[in-house]
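Reader: I should be grateful for a close look at a single helix and its setting in this model. Please begin with what the helix packs against, and then proceed to the pocket, the aromatic rings and the backbone of the loops.

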Amino acid sequence: MHIARPETFISIDVETAGPNPTEYSLLSIGACVVDDPDTAFYVELKPVSEAVDAEAIAVSGLSIERLRIEGVDPAEAMRRFDEWIAHATPAGRTPVFTAFNAPFDWMFVDTYFRRFIGRNPFGHSALDIKAYHMGLVGSSWADTSMSALSPLYLDGRDLSHNALGDARDQAEMFRRMRGTARRGSD
């Protein structure tokens, strides 16, 4: 019988230069502990590729030119993120990658962790807040958009597209969803 270790949910958001980590750079990472959003991490990274999707940059508002000069070297950024995860996750607990549209954020974080430090401290899985909502209320995938969920869980606020701000908003959304799930199981 497998005994699960207690979990620490870590909300993560990324901003990128495009839709995939094969061609485009990871530009910023924001993270916070879901149940303690003041325990947080933020870093902006130097681009590793010249490829830029104009729409992705417009959404984030980040400057590729500024990041080429001021961004943290990706190996150093991922080392810092790894250390923060270890610090934010109490001994004996498992960190759980938690995100809104987790497949997107996870593929960038996983690629960068494996490329620059040789391993991903989250392992090979992530908890997707959109899928969690579907299971919680039996909604369609279309009903998991931010425009549909923000009125339910964020008092109608839009995401800022700052990775740390969005990670904190996602944490709030997930806490409220878990509260709904707990009340429903009583």
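Author:
**Helix H5 and its surroundings**

In this predicted model, the buried residues of H5 pack against two strands, S4 (94–99) and S5 (127–128), and against two helices, H6 (146–153) and H7 (163–184). Helix H5 itself covers residues 129–137, and its buried residues are Ile-129, Lys-130 and His-133. Seen down the axis of H5, these buried residues fall within an arc of 105°, so they line one face of the helix. After H5 comes Gly-138, which has a positive phi, near 75°.

Helix H7, one of the packing partners of H5, also contributes to the largest pocket. The elements that give two or more residues to its lining are strand S1 (7–16), helix H1 (54–60), helix H4 (102–116) and H7. Strand S1 supplies the largest share, four residues. The pocket holds about 490 Å³ of space, and its lining comprises 19 residues. Lying nearest the centre of the pocket are Val-14, Glu-15, Val-59, Phe-104 and His-161. By character, the lining divides into eight nonpolar, five polar and six charged residues.

Phe-104 leads from the pocket to the aromatic rings. A pair of aromatic rings is described by the distance of the centres and the angle of the planes. The structure holds 10 aromatic pairs. In one of them, Phe-41 and Phe-81 are stacked, at 4.9 Å centre to centre and with 20° between the planes. This pair links distant parts of the chain, for Phe-41 belongs to strand S3 (residues 36–44) and Phe-81 to helix H3 (residues 74–88), 40 residues apart. Both Phe-41 and Phe-81 are buried. For Phe-104 and Phe-108, the ring centres are 5.2 Å apart and the planes stand at 50°, so this pair is tilted; planes count as stacked under 30 degrees and as edge-to-face over 60. Phe-104 and Phe-108 are four residues apart in helix H4, and therefore about one helical turn separates them.

The two rings of the tilted pair are not equally covered. Phe-108 has a relative accessible area of 0% and is therefore buried, the limit for that class being under 20%. Phe-104, with a relative accessible area of 25%, is partly exposed. Ring pairs also join Phe-41, Phe-81, Trp-84, Phe-97, Phe-113 and Phe-122 into a cluster.

The loop between H6 and H7 completes this account, and both Asp-155 and His-161 are found in it. Most residues other than glycine have a negative phi. Asp-155, although not a glycine, has a positive phi of about 55°. His-161, likewise not a glycine, has a positive phi of about 65°. As to accessibility, Asp-155 counts as exposed because its relative value is 60%, the class beginning over 50%. His-161, at 33% relative accessibility, counts as partly exposed. His-161 thus brings the description back to the pocket, as one of the residues that lie nearest its centre.

Terms used:
Residues are numbered from 1 along each chain as its sequence is written. This is a predicted model: local features need pLDDT of at least 70, side-chain atom pairs count only at pLDDT 80 or more; totals for chains, interfaces and linings use all residues. Side-chain values use heavy atoms; hydrogens and water are left out. Buried means under 20% relative accessible area, exposed over 50%, partly exposed in between (1.4 Å probe, protein chains only). The arc is that of the directions from the helix axis to the C-beta atoms. Contact means heavy atoms within 4.5 Å. On a 1 Å grid over the protein atoms alone, a cavity is a set of points where a 1.4 Å probe fits but cannot get out, and a pocket is an open set with protein on both sides within 12 Å along at least five of seven lines; lining residues have an atom within 4 Å of a point. Grid points are joined across faces, edges and corners, and a volume is the space filled by probe spheres set on the points. Ala, Val, Leu, Ile, Met, Phe, Trp, Tyr, Cys and Pro count as nonpolar, Asp, Glu, Lys and Arg as charged, and the others, Gly among them, as polar. Rings of Phe, Tyr and Trp (its six-membered ring) pair if their centres lie within 6.5 Å; planes under 30 degrees apart count as stacked, over 60 as edge-to-face and the rest as tilted.
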